[in-house]
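Colleague: Please take one part of this model and walk me through it closely, together with whatever packs around it. I would like the picture built up piece by piece.

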Amino acid sequence: MTGEGKKRPRVLLGATWSSIENLGIMHIGGLAKSLGWEVFYCQPKNHDFTEFKDRVKEIRPDIVGYNCYSGAQEQLKSGLLSWLKLEHPKIRTVVGGPHPTYFPEDFVGHADNIVMSEGLNAARRIFKGEVGPGIIEFHDENMERMALPDRKGYYRDSPFHRDSP
């Protein structure tokens, strides 16, 4: 993975804010950790990407991954993805979740990778540098067992969820 003295690769995972834990990004985070990546999380509220942009500047991730629901795609494209392409063009951008699964073409030109359906195998291939840009379609033969969710990192970056009864 990385040699002595080299910075571990970093990924910043995001999703629209919800009071319910986002298990999807925690599973992707668990997978990334198992592959030697540093994992961080940020969940914007009300499509305000200010905190997310600040985290990008602070963390300097190699990859930004975002779970997108239908109804949030336009705000994600105009509020975050366009900014990332303009201000941080070397950061690899990945979108997945319900909207990209059913409407992957909505993100062509806005994200480097669009992941359809369950994203564990696609994420593994992205983290390992085994796949280039484009739409990554779902194939049953590629399913793999879910990684344990990265609750420690998720709760570190989301005290609201950590302290929730």
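**A close look at strand β4**

Modeller: From β4, Arg92, Val94 and Gly96 point one way, while Thr93 and Val95 point the other, and all of them are buried (under 20% relative accessible area with a 1.4 Å probe and protein chains only; exposed is over 50%, partly exposed in between). In a regular strand the side chains alternate between the two faces of the sheet. Because 5 of the 5 residues of β4 are buried, the strand is largely enclosed by the rest of the structure.

Before going on, a word on the ground rules. This is a predicted model, where local features need pLDDT of at least 70 and side-chain atom pairs count only at pLDDT 80 or more, while totals for chains, interfaces and linings use all residues. Residues are numbered from 1 along each chain as its sequence is written, and side-chain values use heavy atoms, with hydrogens and water left out. Helices (H or I, at least four residues) and strands (E, at least two) are DSSP runs, numbered from the N terminus.

Now the sheet around β4. It is an open sheet of 6 strands in the order β2-β1-β3-β4-β5-β6, with parallel pairing (two strands pair if DSSP finds at least two bridges between them). Its edges are β2 and β6 (134–136), each pairing on one side only. From one strand to the next, the twist averages 20° (axes are lines fitted to C-alpha atoms, for helices over the stretch in contact, with angles from 0 to 180 degrees between N-to-C directions).

On one side of β4, β3 runs parallel and is joined to β4 by 5 bridges; Tyr66 has Val95 of β4 as its bridge partner. Strand β5 (residues 113–115) also runs parallel to β4, joined by 2 bridges, and there the partner of Val95 is Ile114. Val95 is therefore a good place to put your finger: it is one of the β4 residues that are buried.

Next, the helix that crosses this part of the sheet. α3 lies across β3 and β4, and runs at about 155° to β4. Its 15 residues (73–87) should span 21 Å at 1.5 Å a residue, and the end C-alpha atoms are 20 Å apart, which agrees (the expected span is 1.5 Å times one less than the number of residues). Look also for a kink of about 30° centred on Leu81 (the bend at a residue is the angle between axes fitted to the seven residues ending there and the seven starting there). Leu81 is itself among the buried residues of α3, which also include Gln73, Leu76, Leu80 and Trp83. What covers the buried residues of α3 includes β4 (92–96), along with α2 (50–59), β3 (63–67) and α4 (98–102) (contact means heavy atoms within 4.5 Å).

That brings us to α2. Its buried residues are Phe52, Arg55, Val56 and Ile59. Seen down the helix axis, these fall within an arc of 105°, so they line one face of α2 (the arc is that of the directions from the axis to the C-beta atoms). Their cover includes β1 (10–15), β2 (38–42), β3, α3 and α6 (151–157). Phe52 is a good example, with a relative accessible area of 0%. Beyond its neighbours within four places in sequence, Phe52 is in contact with Leu12, Leu13, Gly14, Cys42, Pro44, Val64, Tyr66 and Leu80. Tyr66 brings us back to our strand through its bridge to Val95.

Elsewhere, Ile28 lies in helix α1 (residues 23–34). Ile28 and Val94 of our strand are 66 residues apart in sequence, with their C-alpha atoms 12 Å apart in space. At 18% relative accessibility, Ile28 counts as buried. Its contacts, leaving aside neighbours within four places in sequence, are Leu13, Gly119, Leu120, Ala123 and Phe127.

Finally, two loop residues deserve a glance. Most residues other than glycine have a negative phi. Arg60, in the loop between α2 and β3, has a positive phi of about 55° although it is not a glycine; Arg60 is exposed, at 57% relative accessible area. Ser117, in the loop between β5 and α5 (120–127), has a positive phi near 65° and is partly exposed at 35%.
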